[in-house]
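Welcome! Take a moment to look over the sequence and the model below, and then we can walk through a few of its features together.

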Amino acid sequence: MATVLLVEDDHVVRGAMLRSLTERGHAVHAVGTALDALRRVAAETPDLVVLDLGLPDLDGSDALRMLRGITDVPVIVATARDDEQSVVRLLRAGADDYMVKPFTGAHLDARITTVLRRAGRASRTVRPAVHAVGGLRVDVGERSATLDGVPLALTRKEFDLLAYLAARPGRVVSRRELLEEVWRQPSVGEDQTIDVHLYWLRRKMGESAAKPRYLRTVRGVGFRLVAPD
């Protein structure tokens, strides 16, 4: 069973999809606007989001980009747009899969199972990775981090950034890679976003760019996380 957030403004379609997925064993929460979806994801992380593009308050593509700014939860886009250019744009914006309307509940359930399996979330018995670098411990499944046994109070995106670097200890990670893999955004004109998050992450870890311990800047290239000397 998965916890699914269904974002669909048509109450008839929403009701039918909700019933179908519930009958197939999923825990389904349904909202009708992009802003409600963003609030719900920020408050409670679902296993997967089914996102309709024809929403009344925001274009679905914009909603997808905003979702990707706060979470890496798998997103299946439900759209009436079946041209290749639209599909490619959605996948590049961060969608994990897409479905062209109309579709059956059985088809949606199969896609959900496939996406969750691909994302490594299908089985709750498989424990996600725990990364340890020096005195730093990052538990991906619990979304928690400790430094020398002391919990770090991190925002969602600070944790995502730290977890991504901790999974690649010693490796230099470029700004472009961070934007594309952590923020799921095009790698153009967003350097300040990374700098701001790194600044606060370093402060919470008791270090600075001038006196780094774990988070090292490789000038002109990117960043790497290493254990202190």
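Which strands and helices do the buried residues of H2 pack against?

## Helix H2 and its surroundings

This is a predicted model, and helix H2, residues 34-43, is a good place to begin. Its buried residues are Ala34, Ala37, Leu38 and Val41. Viewed down the axis of H2, these buried residues fall within an arc of 100 degrees, so they line one face of the helix. They pack against strands S1 (3-7), S2 and S3 (48-52), and against helices H3 (60-70) and H6.

Turn to the face of H2 pointing away from the buried side, and you will find the exposed residues Arg39 and Ala43. At the N-terminal end, threonine 33 caps H2, with a side-chain oxygen 3.1 Å from the backbone nitrogen of aspartate 36.

## The largest nonpolar core

The largest nonpolar core has 26 residues, and Leu136, Val138, Leu162, Leu178, Met205 and Leu225 touch the most other members. At least two residues each come from strands S7 (136-139), S8 (144-147) and S12 (222-225), and from helices H6 (156-166), H7 (175-181) and H8 (191-204). H6 gives the most, with seven residues.

Leaving aside residues up to four places away in sequence, leucine 178 touches Leu161, Tyr164, Leu165, Val173, Trp183, Ile194 and Phe223. Another core, of 20 residues, lies apart from this one; Val49, Val75, Ala93 and Ala95 are among its members.

## A buried histidine

Histidine 26 sits in the loop between helix H1 (11-23) and strand S2 (27-31). Its relative accessibility is 10%, so histidine 26 counts as buried. The side chain of histidine 26 makes a polar contact with the side chain of aspartate 109, at 2.6 Å.

Conventions
Residues are numbered from 1 along each chain as its sequence is written. This is a predicted model: local features need pLDDT of at least 70, side-chain atom pairs count only at pLDDT 80 or more; totals for chains, interfaces and linings use all residues. Side-chain values use heavy atoms; hydrogens and water are left out. A nonpolar core is a set of buried Ala, Val, Leu, Ile, Met, Phe, Trp, Tyr and Cys residues joined through side-chain atoms within 4.5 Å. Buried means under 20% relative accessible area, exposed over 50%, partly exposed in between (1.4 Å probe, protein chains only). Helices (H or I, at least four residues) and strands (E, at least two) are DSSP runs, numbered from the N terminus. Contact means heavy atoms within 4.5 Å. A polar contact is a pair of N or O atoms within 3.5 Å; within protein, one must be able to donate a hydrogen and the other to accept it, and residues adjacent in sequence count only if both atoms are side-chain atoms. The arc is that of the directions from the helix axis to the C-beta atoms.
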